[in-house]
Amino acid sequence: MSEGRVALVTGGSRGIGLATARRLQRDGCRVAVTWRSAPPAPLEGPAGSEPLLPVSCDVTSPEQVEAAFKETEERLGNVEILVCSAGITDDTLLLRMSEDSWSAVIETNLTATYRTCKRASQKMLRARYGRIVLISSVVGLLGSAGQTNYAASKAGLVGFGRSLARELAGRNITVNVVAPGVVSTDMTAVLGAERLSALTSAVPLQRAAEPEEVAGAVAWLVSEEAGYVTGAVIPVDGGLGMGH
Amino acid sequence: MTRVDNEAAFEKFKECAVEVLQVPAEKITPAASFAGDLEADSLEVVELVMALEEAFDITVEESELEGVETIGQAFELVTSKL
């Protein structure tokens, strides 16, 4: 449990981000979520929990990230828990991949994570407390045809997260990475039933994960009892990436 | 800068250093070295620089920090920007 802590979840309006925001809300956190396409609804959680604070923010904009932190700090307090979940895909084979497609995915998935972590760690350093979780992907280490940009960005999060874990460890700030496999979200829904079933047939557990199952791992990593875990990459992939 | 201004600036500098480095004020002398006398690691030095940037409303470039190893050198860097 992470009761009373202030959490910021990027990409919190749907998918893994939303499930994580709701889980932290249920665990008693005061949760802000950044959204780009549509704010999460409803904002209310179970009785006794605080409503989610929706913050409009395109994480690729340094100004909007700064404004999102300012708003969260004013309304809820300094961010103690940061979950970087904002991410996009733009799949195609390398030979067909444009510079724009490459850059957009790296910018949103990796560079924006640098930006939000940098901003959050300033206050965490002073507080001598912090929990950062980056949402990577099984494909970061496994590879995935048609996803060179996405896989590179997600593998980048592992190196980034572990380096940051070392930088901040002396200040009671942990940085961990969660690597989900196939998860039932809007991001995988676009793949279509056939491709999705082909993907899940390769999963030892023979099914896709629900976003809540990924959120459970995040909730544990940001809890008090995970205080000795840092620089870890936790797979939540039904066994798909075993051995990596 | 007059002597009085300089002393006032050093007092402000000292306040930042005491708060960030968590050391007694008397240890903040011009000759004190960050790594040796103050046992400050690289992250604490960066935190101090950020606190000084805020307190004095200045900007310090990464390259300017090279060779800055003592309180005196850091203070000189700050006052050169005022």
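**Architecture and interface of a predicted two-chain model**

In chain A, 70% of the contacts with a separation of 6 or more are made by residues 24 or more positions apart. The structure is a predicted model, and the description below begins with chain A before turning to chain B and to the interface.

The secondary structure of chain A consists of eight helices and seven strands. Its radius of gyration is 17 Å, close to the 18 Å expected from the globule rule for 244 residues, so chain A is as compact as a globular protein of that length. The C-alpha trace of chain A extends over about 45 × 35 × 35 Å along its principal axes. Half of the chain lies away from the surface, in that 50% of the 244 residues of chain A count as buried. The area that chain A exposes amounts to about 11,100 Å², and 54% of this is supplied by carbon and sulfur atoms. Chain A carries 23 positive and 25 negative charges, the mean positions of which are 6 Å apart.

Several local backbone features were found in the loops of chain A. A cis peptide bond, with omega of about -10°, links A41(A) to P42(A). P42(A) is placed in the loop that runs between β2 (30-35) and β3 (53-56) of chain A. A positive phi, near 65°, occurs at N172(A), which is a residue other than glycine. This residue, N172(A), belongs to the loop between α5 (148-168) and β6 (173-180). The relative accessibility of N172(A) is 41%, and N172(A) therefore counts as partly exposed, since that class covers values between 20% and 50%. Q206(A), likewise not a glycine, has a positive phi of about 60°. The loop that holds Q206(A) connects α7 (193-201) with α8 (211-221) of chain A. With a relative accessibility of 54%, Q206(A) counts as exposed, because the cut-off for that class is over 50%.

Chain B contains three helices and zero strands, and its elements follow the pattern α-α-α along the sequence. The radius of gyration of chain B, 12 Å, is close to the 12 Å given by the globule rule for 82 residues, so this chain is as compact as a globular protein of that length. Taken along the principal axes, the C-alpha atoms of chain B fill a box of roughly 30 × 30 × 20 Å. Among the 82 residues of chain B, 39% count as buried. Of the contacts in chain B with a separation of 6 or more, 54% are between residues 24 or more positions apart. The accessible surface of chain B is about 5,000 Å², and 49% of that surface belongs to carbon and sulfur atoms. The charged side chains of chain B number 5 positive and 20 negative, and the centres of these two sets lie 8 Å apart.

The two chains meet at an interface in which eight residues of chain B are in contact with seven residues of chain A. Between them, chain B and chain A bury about 580 Å², of which 45% is on carbon and sulfur atoms. On the side of chain B, 68% of the area buried against chain A is supplied by L43(B), E47(B) and M50(B), a share greater than that of any other three residues.

Note on methods:
Residues numbered from 1 in each chain as written. Chains lettered and ligands numbered in written order. Predicted model: local features only at pLDDT ≥ 70, side-chain atom pairs only at ≥ 80, totals over all residues. Heavy atoms only, no water. Helix = DSSP H or I, 4+ residues; strand = E, 2+ residues; numbered from the N terminus. Rg over C-alpha atoms; globule rule 2.2 N^0.38 Å. Buried < 20%, exposed > 50% of the residue type's maximum accessible area, 1.4 Å probe, protein only. Contact = heavy atoms within 4.5 Å. Areas by Shrake-Rupley, 256 points an atom, 1.4 Å probe, with all protein chains shown as cover. Lys, Arg positive; Asp, Glu negative; His and termini not counted. Charge placed at Lys NZ, Arg CZ, Asp CG, Glu CD. Buried area = accessible area lost by both parts, 1.4 Å probe.
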